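I opened this entry to keep track of what I looked up, item by item. The notes follow the order in which I went through the model.

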Amino acid sequence: MRDRHFDDDDDIREERTGRRFTEFDCPDCNANNPHDEGFRVGDQVMCFYCGAHFRVRDGGGKPRFVEA
Ligand SMILES: [Zn+2]
């Protein structure tokens, strides 16, 4: 059985193998958005505070958000 409990910061570079991120800080309004389902590079996320949409890009081990 795989252990699905990762420490957020240390394993963040493994998105290629299915690493999912469970929160993000909105680049527009700086709000922290918990993301229950998780998202990955290539996904699109929405800020629940200001409603902006972002596409998730690989930012060199961290997710990078580009306005969609
Ligand atoms: Zn926002």
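Overall layout. I began with the secondary structure and found 0 helices and 5 strands in the chain. Along the sequence the pattern reads β-β-β-β-β. I note here that the model is predicted. I then looked up burial, and 28% of the 68 residues in the chain are buried. For contacts with a separation of 6 or more, I noted that 15% are between residues 24 or more positions apart.

Sheet. I looked up how the strands are arranged and found an open sheet of 3 strands, ordered S3-S4-S5, with antiparallel pairing. Strand S3 (44-46) and strand S5 (63-67) are at the edges with a single partner strand each, so each has one side without a neighbour in the sheet. On average, neighbouring strands of this sheet are turned by 40° against each other, direction ignored.

I went through the pairings next. S3 and S4 are antiparallel and pair over 3 bridges. Within that pairing I looked up Met46, whose bridge partner in S4 is His53. S4 and S5 also run antiparallel, joined by 5 bridges. Here Val56 stands opposite Phe65 of S5. The hairpin of S4 and S5 has 4 residues between the strands, and I recorded a positive phi near 75° for Gly60 in it.

Zinc site. Which protein atoms are the donors of the zinc ion? I listed the SG atoms of Cys26, Cys29, Cys47 and Cys50, lying 2.3 Å from the zinc ion. Along the chain the donors have the spacing C-x2-C-x17-C-x2-C. I checked the geometry as well: the 4 donor atoms subtend angles of 106 to 115° around the zinc ion, and therefore the arrangement is tetrahedral. For comparison I wrote down that the ideal angle for four tetrahedral donors is 109.5 degrees.

I then asked about two of the donors: is Cys47 buried or exposed? Cys47 has a relative accessible area of 0% and is buried. Cys50 is at 41% relative accessibility, so I entered Cys50 as partly exposed.

Core. I looked up the largest nonpolar core, which has 11 residues: Phe21, Phe24, Cys26, Ala31, Phe39, Val45, Cys47, Ala52, Phe54, Val56 and Phe65. Strand S1 (21-25) and strand S4 (53-58) each supply at least two residues of this core. Two of the zinc donors, Cys26 and Cys47, are on the core list too. So are Val56 and Phe65, the pair that stands opposite across S4 and S5.

I took Phe39 as a core residue to follow up. Leaving aside neighbours within four places in sequence, Phe39 is in contact with Arg19, Arg20, Phe21, Glu23, Phe24, Val45, Val56 and Phe65.

Strand S2. I looked at two residues in this strand. His35 is found in S2, residues 32-39. At 16% relative accessibility, His35 is buried, since the cut-off is under 20%. Not counting residues up to four places away in sequence, His35 touches Phe21, Thr22, Glu23, Phe24 and Val45.

Pro34 is also in strand S2. With neighbours within four places in sequence left aside, Pro34 is in contact with Thr22, Glu23 and Phe48. I also looked up a C-alpha distance: Pro34 and Cys47 are 13 residues apart along the chain, and their C-alpha atoms are separated by 9.5 Å.

Terms used: Residues are numbered from 1 along each chain as its sequence is written. This is a predicted model: local features need pLDDT of at least 70, side-chain atom pairs count only at pLDDT 80 or more; totals for chains, interfaces and linings use all residues. Side-chain values use heavy atoms; hydrogens and water are left out. A nonpolar core is a set of buried Ala, Val, Leu, Ile, Met, Phe, Trp, Tyr and Cys residues joined through side-chain atoms within 4.5 Å. Buried means under 20% relative accessible area, exposed over 50%, partly exposed in between (1.4 Å probe, protein chains only). Contact means heavy atoms within 4.5 Å. Two strands pair if DSSP finds at least two bridges between them. Axes are lines fitted to C-alpha atoms, for helices over the stretch in contact, and angles run from 0 to 180 degrees between N-to-C directions. Donors are N, O and S atoms within 2.8 Å of the metal (3.2 Å for Na, K and Ca); water is not among the atoms, so sites may look incomplete. Four donors count as tetrahedral if all angles lie between 85 and 135 degrees; four count as square planar and six as octahedral if opposite donors are over 155 degrees apart and all others between 65 and 115; anything else is irregular.
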